[in-house]
Amino acid sequence: MLIEKLNWRYATKKMDPSKTVSEDKVERIVEAARLAPTSSGLQPFEVIVVTDPDVRAKIREIAWNQAQVTEGSHLLVFAAWDNYTEERINHMFDLVNEERGIKNEGWEAYRQMLLTSYPQRDQQVNFEHAARQAYIGFGMAVAQAAFEGVDSTPMEGFDPAKLDEILGLREKGLRSVTILPLGYRQPDGDWLVNLKKVRRPLAEFTSRV
């Protein structure tokens, strides 16, 4: 059950570098992110799977020296579009039409509405909107990792500009948003592993209207 797995997971502080997450599990974790809902279905982000030890070592240097970056077997980088452009919007609408094999008048009208609004907005506003969509996929990946019995450590503690430079993201029209090391916990040396998960009570967390 997913809730049981979410109670099992925690932000792993120490990963076992001798253990490797299988590629089929990594693919399902990335697939969960790919299937995430996004505003207008535009999917304005990408996931970069980093396994190269040298690249991960460079990333660790600009990520507060957090050991999970190199001790895990995989590092997922969630990078959002730096802007919404006519080309990007049209690509997604054309893809939907191609995959569904139909053209819908209402859908095409919606395309035109986006084309006359999104590209005209400030680029930073558009990036921040795209980044929020990336976080939806990020959350799905965290949940899927737990479902697979894979440990992960959600991270915002890194220098985005330097990470963008390491991975050449700006040249691709992308900007890094968050990163997710994947691996398996090593209880020895992990101060958090045996501590109780603490969240606000449901009655305090939720309100009904």
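Start with the sheet: select strands S1, S2, S4 and S3, which lie in that order in an open, antiparallel sheet. Helices (H or I, at least four residues) and strands (E, at least two) are DSSP runs, numbered from the N terminus, and two strands pair if DSSP finds at least two bridges between them. This is a predicted model, in which local features need pLDDT of at least 70 and side-chain atom pairs count only at pLDDT 80 or more, while totals for chains, interfaces and linings use all residues. Residues are numbered from 1 along each chain as its sequence is written, and side-chain values use heavy atoms, with hydrogens and water left out.

Now colour the edges: S1 (45–50) and S3 (151–152) each pair on one side only. Next, pick S2 (residues 74–81) and S4 (residues 174–183), antiparallel strands joined by eight bridges. To see one bridge, select Trp81 and its partner in S4, Leu174.

Add helix H8 (residues 160–167), which packs on the sheet and touches S1, S2 and S4; touching, or contact, means heavy atoms within 4.5 Å. The direction of H8 makes about 85 degrees with that of S4. Axes here are lines fitted to C-alpha atoms, for helices over the stretch in contact, and angles run from 0 to 180 degrees between N-to-C directions.

Which residues of H8 are buried? Show Leu163, Asp164 and Leu167; buried means under 20% relative accessible area, exposed over 50%, and partly exposed in between (1.4 Å probe, protein chains only). These three sit on the same side of H8 because they cover an arc of only 105 degrees around the axis, taken from the directions from the helix axis to the C-beta atoms. Their cover includes S1, helix H3 (53–61), S2 and S4.

Then look at what follows H8: Gly168 has a positive phi, near 65 degrees.

Move on to Ser73, in the loop between helix H4 (68–71) and S2. Ser73 counts as buried because its relative accessibility is 11%. Leaving aside neighbours within four places in sequence, the contacts of Ser73 include Lys19, Val50, Arg56 and Leu182.

Finish in the loop between H2 (23–34) and S1, home of Ser40. Ser40 is not a glycine, yet has a positive phi of about 60 degrees. Select Gln43 in that loop between H2 and S1 as well: its phi is also positive, near 50 degrees, in a residue other than glycine. Is each one buried or partly exposed? Ser40 is buried, at 17% relative accessibility, whereas Gln43 is partly exposed, at 28%.
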